[in-house]
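Trainee: Could you take me through one part of this model slowly? I would like to follow how a sheet and the helices beside it fit together.

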Amino acid sequence: MTAATAIAHTNFALAKYWGKKPVPGNYPAVPSLSITLEGMSTRTTVRFDAGLEADHVVLNGAVATGDVHGRVVTLLDRVRALAGQSLRASVESANDFPTASGLASSASGFAALALAAVHAMPGLDLSIERVSDLARQSSASAARSLFGGFVELPAGEGISGARPIAPPDHLDLHVLVCVVTEASKNVGSTSGMQTTALTSPYYPAWLDAAPAIFAAMKLALEARDWEKLGDLTERSALAMHAAAMAAGLVYIRGITLDLFAAVRKLRQEGTLAYFTADAGPHVKVLVRSADLARVKGALSQVPGVLRIIETRPGGGAVIVR
């Protein structure tokens, strides 16, 4: 029996990824730029065992079945194919934040699974770039969680995974994650992207706008232009949600809009803070260290906020055992 344990942190996109190329391979339709967060992690142990007749998966203490089990097995099959092995595996994985709730648990989950499986498989030695590509094939955003700091994931067929573009300390930036529910979302991101692509009248506009926002954001990041980066972050999130909502997919709630309004009010009063939201109702707020306490205090007063996770850009995925 051979085993490895990996920890990967979640990430969220400042320039959103929403939509896949209509070809096999799980290639993103638009480029994205993300932050890998300190904390908010998935810890995954993979054990390959010649005595097992089938893969066994436990997620957050419960035996995984159905689509969740199937997606894990598919990634393990890719690892087995690369190694020329048929060993079955037991997988134990747990998140320290809400799962399937719009906080990118699939990103940290598949990044940790890919890294642990590659290290646990006898005779397999892949670069971190190839592990990123392996994770991308299961969850595109997972490719970014292999790396720390600010990370980009190009669009289109033939890409080989994500790549880091700036270290965690590139900007004086903190993230306040406003958790508004512990429940899972009704429509997963993959299904939501498919519905948006097939039925949203605004999807073509999203495909046109997203690369331009990404390119401008990358320049703003390189220039350390905090305000420009924040403005583009909000534009990307609102454009993504507009495309999804036109397809009938409403991931945000009233509390989400209340938090958007609270952030705008802070800005009107002179405090630089910017919001974003992924495929879920939670809101992430970008803030500088000097404004951290004031912004956190204001957001905590918004009715419906369950808790606020204080975090910042952090490191990439690691093997811990």
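**The sheet and its two helices**

Mentor: Start with one pair of residues: V175 has T311 of strand β11 as its bridge partner. That bridge belongs to the pairing of β8, residues 174-179, with β11, which is antiparallel and runs over five bridges. Keep in mind that this is a predicted model.

Now widen the view to the sheet. In general, strands of a sheet pair through backbone hydrogen bonds, in either a parallel or an antiparallel way. Here four strands form an open sheet, ordered β9-β10-β8-β11, with antiparallel pairing. The edges are taken by β9 (273-276) and β11 (307-311). Each of these has a single partner strand, so one side of each has no neighbour in the sheet. From one strand to the next, the twist averages 25°.

Next, add the helices. Helix α7 packs on the sheet and touches β8, β9 and β10 (283-287). The direction of α7 makes about 160° with that of β9. Helix α8 lies across β8, β9, β10 and β11, and runs at about 10° to β8.

The two helices also meet each other. The axes of α7 (residues 254-268) and α8 (residues 292-300) come within 10 Å and cross at roughly 140°. This crossing is right-handed. On the α7 side the contact is made by L259, A262, V263 and L266, and on the α8 side by R294, V295, A298 and L299. Sorted by class, the contact has seven nonpolar residues, one charged residue and no polar ones.

For context, look at the nonpolar cores of the model. The largest has 56 residues, of which V46, F48, L76 and V79 touch the most other members. Helix α2 (residues 105-120) gives the most to this core, with 10 residues. Setting aside neighbours within four places in sequence, L76 is in contact with V46, F48, D55, A89, V91, L113 and A117. A second, separate core has 27 residues, including F214, L221, L272 and L286.

One charged residue is worth a look as well. R80 sits in helix α1 (residues 66-83). R80 counts as buried because its relative accessible area is 4%, and the cut-off for buried is under 20%. Apart from neighbours within four places in sequence, the contacts of R80 include F48, D55, Q85 and M121.

How values were computed. Residues numbered from 1 in each chain as written. Predicted model: local features only at pLDDT ≥ 70, side-chain atom pairs only at ≥ 80, totals over all residues. Heavy atoms only, no water. Axes fitted to C-alpha atoms, helices over the stretch in contact; angles between N-to-C directions. Left-handed = near helix turned anticlockwise from the far one by under 90°. Contact = heavy atoms within 4.5 Å. Nonpolar A, V, L, I, M, F, W, Y, C, P; charged D, E, K, R; others polar. Buried < 20%, exposed > 50% of the residue type's maximum accessible area, 1.4 Å probe, protein only. Core = buried A, V, L, I, M, F, W, Y, C linked by side-chain atoms within 4.5 Å. Pairing = 2+ DSSP bridges.
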